[in-house]
Every structure is written in structure tokens, then in C-alpha cells.
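Trainee: Could you take me through one part of this model up close? I'd like to look at the cysteines, and then at whatever else you think goes well with them.

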Amino acid sequence: MQDKYLPADIERAAQQHWDSSEAFRVTADASKPKYYCLSMFPYPSGKLHMGHVRNYTIGDVLSRFHRMRGYNVLQPMGWDAFGLPAENAAIKNKVPPAKWTYDNIAYMKQQLKSLGFAIDWSRELATCTPEYYKWNQWLFLRMLEKGVAERKTQVVNWDPVDQTVLANEQVIDGRGWRTGALVEKREIPGYYLKITDYADELLSDLDELEGWPERVKLMQANWIGKSTGVRFAFSHTVGDENGLIGDGKMWVFTTRADTIMGVTFCAVAAEHPLALHAAKSNPELAAFIEKCKHGSVMEADMATMEKEGLPTGLFVTHPLTGQQVEVWVGNYVLMSYGDGAVMGVPAHDERDFAFAKKYSLPIEQVVAVGDKAYSLDAWQEWYGSKDGVCINSGKYDDLGYAAAVDAIAADLAAKNTGEKKVQWRLRDWGISRQRYWGCPIPIIHCDACGSVPVPDDQLPVVLPEDCVPDGSGNPLHKRLDFLHVDCPKCGKPARRETDTMDTFVDSSWYYARYATKFGADKMVDEETDYWMTVDQYIGGIEHAILHLLYSRFWTKVMRDVGLVTYREPFAHLLTQGMVLAPTYFRELEGGKKEWVNPSNVTESVIGGKRYAWVQNDGLDFGETNLVEGRGNQSKIRISASKLDVIRDDDEHGKQSVVIVAGDRVQIGGVEKMSKSKNNGVDPEALVKQFGADTCRFFIIFTAHPEQSLEWSDAGVEGAYRFLKRVWTFGHAFATDIRPQIGATRTLASAKLPDALAAFRREIHLLLKQANYDLGKQQFNTVASATMKMLNAIEKAPREGALAAEVIEECFGILLRVLSPLTPHISHALWNQLGYGNDILAAAWPEPLEAALVQDEIELMLQVNGKLRGSLRVPADATKDAIEAAALAHEGAIKFLEGRPAKKVIVVPGRLVNIAG
RNA sequence: GCCCGGAUGGUGAAAUCGGUAAACACUGCGGACUUAAAAUCCGCCGCCGCAAGGCUUACGGGUUCAAGUCCCGUUCCGGGCACCA
């Protein structure tokens, strides 16, 4: 056996073994419990980043752990291969998105393999292949048939120079990313999936998802946003030659019908028919509406922008008081929520209050809480409270919130002008994208027949893969061979739809496709019934709402089409935290920042302040300067061609001088690894330098899976050092310890000497803790436990057959607990130390009760809640005996200072607290 | 702005049900080995204090024999906000 730890050799051999034995290829097997472990598939952006490595390491730990516990484990992998970055790369490099994407997949696949994940590669898929996206198209057609998909208008960001639709990401400060032109809102037709039809079920089924984090369920529930309120109409006589607008009714929705008597104005969206009508004769209003068209379609911008409005000069009639109420246009009213109009109750709605103050509109208090006094000076929290009673509200006076809403809803209903209604915040899912690199929407536009679905036998509608977008719109418009098609209905020349599907469609059902036998001409087959649902899903918290909600919706549609029987796709969800790294930059002329990669930066603390610099690129050893200085008592020795001197005083006035080689850079914050901040750490370089096991171990060890992880080069070296020690001990075991073991094992029946028993107990205790933590999916402390085990094993007695047997048992436990984290080294040692052929086939270790027993335990002694000592008592001591021992303890006597003990609390196995 | 999280030593973090705060590491410092360096091994390391002891889990209150953990309020940081994935 090799005495040095050589990760490259060990890892190559282990991976070859897994490959040649097809170790991770699985099929349905009814004799075993199944465990479907799924990590969110990567976008093939070019190279793996640390977020991927973290995600798949967590998944791999779970997969390997369950496999050793006897589960039939499926862990697949694939590629979320359509999307905007491929088009951006095409614009930049003049390479078709398809080529860029497939090249990236090939590269990243080899990177994934080098990390030793237990993946069944026979199930690999890429969403940009026709055999996959055919089924997007097929199910979309079923949705059209069922009325779940429909065509209507959508609001998009329009770049007037490039004449193209922009993604939100491509709008920077209200301007197009390439042209710098002011972006406009524009309405165009597109396809929608009616996720709102499933709102109730998507909300109520959250209760079934016991394996999901509460916060994710809460976020989803808030996103769906069920609110019960009253929808009612203000009547009016505004109309034109086509009759009254909206049949003389302006509908609004409110959750605060109890404040209806406090309405002093109404506000409508800029796109509302009443606003458009008024604008015809009001140039100022027309200009305001035009202004509202520019600006963001994003909710965050809508919510933070200055609330502005303009009166329309139109009036509507309050349905209960009969009073005339002026209608304003407000830039904060969304046409897409409810009916695009709201009632304005400034006394009890914070936004209305600010609006009324700004435009000097009347404010009338109609709710009172206790004896609190209402004032118009500033908004008070209680103005919006539902805990008060109605005042100044005629017949509704003195009613509480619920009673008032009921009474008002009943009166509105009696007048046939309103009713209670459930309103959802959730909007329908617009899936049309005016973009090339996506799944074609299977529709043909015919002048005679309209929008005609592509017949099933003509699927898939294949996307030409050789287009190169140039940023000025969808290149499919110029592809006549794609565009020209005969109408399936009437046979006359027609035109294909050029819009493609949102990439969230692709990722809404890939998990079901992995579980299907490929080749079968079906979207999913019987094998899915065995594997689904996904037992464990792992991915970034940033997907907590959209991707997960769309996947749940898509599953329910597949169920309603009769494809599957389950109603939820993911039983357990683990939301991993982000991978962060420090950022560094140089300030360039004009205030621009040039970001410097952390791998080129050296940092030091000088006089209590942090400094960073980039080592000189061209270190010139021909003219080496050797400099020795003193700073903070430490010697600094550097060789460089360019030097920089940093001087600083710490808070005690001591001056430090440090001479550094290189250019100073500014220290930014610790942020998510990203290209834009140039703070990514390359996993490939790391694997080359230290091996996959070190990389995996560091990632698992350094943070709880759900928490963000801060990158540290020094920490990686610590992980490497640990694995070296594991290997070194394995070598010592093989050469010095194992040879002491006799022909027959005696451990099971032997009475161990105290030191050996204590050591064995420690390992089994650590194992018990590790198993508990694995159950909690807290892998960082499992990694700690393996380090503690090695610390104990290295110090354990190793002379004699019995000691060797205990070490054999304990090191075997360590190797197995380590194997999901660092499978390569575990594989090599398990095999070479004679534990067995393949650690994958070994059973997961369980602690032995016999090894855990102890005679004496230590209890902490507190006096008035403060720690004053400890006492050793027999493990089976009674409460009275413990009390007596505690009161007799010198620490207790000293700190009670002669006072009698008022109360003695004994917490079994932990502590005694004397109150005196 | 709205919704959801988070905050513990010089650093990453641990503390299971309210019961020893800082396990396990990293950095740093001291030492051994070495001609030297690397590697490895041993020791020390929250703050104040000579000590006894006191203080300490972002900040301010509260509940409790006992609070990092529960409750109320505040600040700061992060994620999402529907066309980035």
C-alpha cells in the first residue's frame, strides 16, 4: 500500500471502478425501498461553479448514505439547456447557441465526473433536444384542448431601437442593455397557462408537504396570495358612441369593505378604459398615461417609485351613499391585479393616505380603535388595523371588522352591485418568449383559420440549430424554411409561430422524464410510477417560489391529463445556501470598478485594518529584492520586483509598517460568487490541486447546507490535511496494527480495560451523534464527527490484539461515515485494508449499546443559574442523592454564602441548579 | 415598498426539548524535528483582571430557578418580487 496520500491516483482508480461496474445504474426493483434523490439540474453556462459543486455534493452525500442503508437509489443528472445566456454568447462570439450549449455540456459533464458523484448517467437528458421538448409541445396542446392554455395580451419591455422584446435582466436603469434606449411597455399577444385555476389546490396541498421547509411553504402561500374581500361596482354614465364604458360600472376589489364609507376618491390604472376615454379630451392626462407606459414592468420598481396621479375629471357614484366620487389615474394601480381600479380610503390605507396628502384629497375617518385620537399629521400604524369599530358610517356604526364586511357585502348584493369574492395575487403564467433559443410553441397562424395547433403527428416542431442571433430580434423571422408551412386545417400557405416557451416550462417536469425508460414514445411511462415522487429535492433557495410553484402546477396538469397519479412532485426539499467569496476591486477613471479575482489577491491585517494587494504578474526573480521588516512582531520576507509600503497605527498607537509586493486593491464585501464581481473560485483547479474528496469535504464541513458558505483557501488546506492524516493512519493500521490481530476475533466477549472501553465508547457516541445529524441533514457536524473520530483513533492504545481489534472496528466505522463525503479515499482504504471489496456494498454502521454504557456521569453545578463547579455521580444515582451531593459540594457552600437553598432543580444527566 | 430568512471569538462555525456558550476546524503565536525550508508533530488562543472573579451570542426590553434558544420592539445584512436561471 502506498504510504503517501495521492488523491489523483486514488480518485482515478475509484472512478474507473464505478464506471466499469456500472455502480450507479439503477432499475426499478420492487424488493427494495426506493430513494429518488434529485439535485436541480445545471444551466450549461460553460464551467461548473462552486454553487453546483455544493448542490451536487449535498445530493451525493444523501444518495450514498441511503444506498448504504439499503435503498435503491436513483440520482440522475441533466441540462437545463435553453436560455438567454446562450443567445448572449452567440451575439458576442457569432457562434450558434446550439454549438455553444453542446460544447459546454460536454465540458461540464467531464467536470462533474471528476467529482465522483454517484450519478446514473444512462438517464442524462438535455432540454434543448427535440426528444425532450417534443413533450413540452405535446402537453401544451393538451392544455389548449382543456382550456388550461390560452392566448391573450401580455405586457413586455420593448426596446424601440433594436425593435425587440427585452428580458427584465436586459433592462438596466430603464434602458435597453445594448442600445441604451428608453424602454417602453408594450402589449403583445402571447400564450398563458391558467395556473390561477389551480390556485386553491396549490395552496391547500402545501399542507401535505411535510418535508418542505416552513419558510418556503410560507413564501409560496404569500405568493399565491389568497385574500377574501368584496368586489363591487361604482356606477357611472361615462360613454361614447359605442355605449357606456364597462356597461356603466367600474368594478373594484377590496379586503377592507368595512371602510367603504370612507371612500373619498377612486384610482384606476393607466390602461383602464375610463382613463383612456378621459385622455381623448385631456392632453395632460394623455401625456401622463404615455409617461406611465415608460418605466418598469417589475413589481419592485412599481412599489418603490413615487406615487403619482392625475384626475380624469370623471365621476362615479358610490353604491351605498350615492355620493359622486372623483376618478384619478394612479401609476401605482396595476391593470393586471383585480379589475385595474381601486377605491381610495385615505384614512385607513397607508398608500391612499400618502396619495391624498400629496394631492390634497379629503380624508375621512370611519374606523376607531379604543380611545386613540385620529390626526392627519402622519400615518399611524393603527389606522390600518382591523381591530377597530366603524364610526361615521351611518347604519354600520359600532360594527367590528367582520360584522361590517358582512353587512356591507349583503347590502351591495341586495342592490346587485357587489358580492364577497376570493381574490388571488397569483397571476397566470405567461410562457411566450420572443426569443430564438427555446422550445418552439407548436402553433401555425393561418389567415383563414387563425391560430391552429400543430397536429400531434407533426411533433416535434424542431428548432433549427444553426441560427446566430445578433440582438435585433428573433432570427427565426428570417428562417423561411422554418416559417413557411401549410395550414394543417385548410392546407393553404401559413406561418409558424416564432415565439418559444419560457425555460421554466423545460424545468417543470424533467424530474419525471429521468424516471422514464427512454426511447418509449411517451412523455412518461410505468417506470415513473416506481420512482416518483422525488424523495429528496435539493437546490438553491432562490428557486423557492417560481420554479417550485410551476413544477407543482405542471404535475397537477399531468395528473389531470391522466399521465401520472401523484399530485405533488417533491416530497422533501432541501434549500441550500449560496456560496460566497470576498470581492476586490480597483477604482478606474470615471468611477468604474475593475473586479479582481480573489485567487490573485493577498490580504493582511495591519494595525487592525485590512489591506489587500495583487501580487505582481511578472515577478522578476532576476532582480530579486529580499526585504525583512517587522510588523506586529512578525517577520515578513518577500521577493518581488515592485514594492508597496503600508503604514498604519493601531488603536494603541503602535505603528506598523508592512512592505508588500504588488498593487493595492480595495476590499469589497463578501458576495455570491459571480462573473460580474469576478469572485468565482474554479472547482476544476481545486480538484487538480487537492482532489475531489478535499473539495467535497471542505464544502460539507464549512457550513450547514441551508446556510450560505464563505469560501476560504486556508479552510480547503485544512480539509486536505485531514484526509492526509486519514490516509497516514490507514497505512499505520496496515503495517503496525492489523498484524497484531489473532486468528480469531475476541472483542465481542472481552472485558475491555478502562482506556480501551473509553475510546470505544467515544467512537460509538460520535457515531450515534453523526447518525442523528445525518437524519437532520446537518452534514457539517457529521464532518466534524469524523474529525473527532480520527483525533480519538490516533490517540488510542494500539498495543495488543484487543486494542488492534477495537481500532479495526472504530476505523471501519470512520471509513463508512466518511464514505458519502469522501467516497474515493474511503473506497481505497476499505478495499486495501481488507474490510471488504467495495464499500458501496457495506452496511451503514450503527452504535452498539454495549459500547455506550458508563458507570459514572458528570453533572454541572449551578448556583442561581451560574456555573460553580461539577460533580461526578453514579449513572443510576437518585434525585435525592444528587441533591445531597450538590448541597455538600464546596462550590455550592461557598456561593450560597450561608443562605438556605430555596429550591434545587435537577436536570437528569445534565445539571443541578441551586436557587438560594 | 412587500414577502421570507439571517446576525455567536481574529475567521468558518457548534450547542438535539429552555439546561456546561464557543465542540470541530482555520488563522495567529510558542515549541520539537531539520544545515535550512516544506511537510509533520506538541502546546496556547472570547474580552477585562495579578488573582479571586466579572463580562460576553447585533441592539433595547420581557418571561423563567435557568435564555444564543421563547415573547415584544429596533438596527444591519442576504434571497425573491413573475422575461436571469
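Mentor: Start with Cys490, which is partly exposed because its relative accessible area is 33%. Keep in mind that we're looking at a predicted model. The cysteine sulfur nearest to that of Cys490 belongs to Cys446, 3.6 Å away, and Cys490 is in no disulfide. Why not? A pair of cysteine sulfur atoms has to be within 2.5 Å to count as a disulfide. A disulfide, after all, is a covalent bond between the sulfur atoms of two cysteines. Apply that cut-off here and you end up with zero disulfides. Cys266 is in none either, and its nearest cysteine sulfur, on Cys292, is 17 Å away. Cys266 has 0% relative accessibility, so this residue counts as buried.

Now hop over to a sheet. Four strands make it up, in the order E41-E40-E43-E42, and it's an open sheet with mixed pairing. Strands E41 (866-874) and E42 (903-907) sit at the edges with a single partner strand each, so each has one side without a neighbour in the sheet. Going from one strand to the next, the twist averages 20°. Look at E40, residues 856-863: this strand runs antiparallel to E41, and eight bridges join the two. If you want a spot to find by eye, Met860 stands opposite Ser870 in E41. Then there's helix H26, residues 879-888, which packs on the sheet and touches E40, E41, E42 and strand E43 (911-915). The direction of H26 makes about 120° with that of E42.

Definitions and conventions:
Residues are numbered from 1 along each chain as its sequence is written. Chains are lettered from A and ligands numbered from 1 in the order in which they are written. This is a predicted model: local features need pLDDT of at least 70, side-chain atom pairs count only at pLDDT 80 or more; totals for chains, interfaces and linings use all residues. Side-chain values use heavy atoms; hydrogens and water are left out. Two strands pair if DSSP finds at least two bridges between them. Axes are lines fitted to C-alpha atoms, for helices over the stretch in contact, and angles run from 0 to 180 degrees between N-to-C directions. Contact means heavy atoms within 4.5 Å. Buried means under 20% relative accessible area, exposed over 50%, partly exposed in between (1.4 Å probe, protein chains only).
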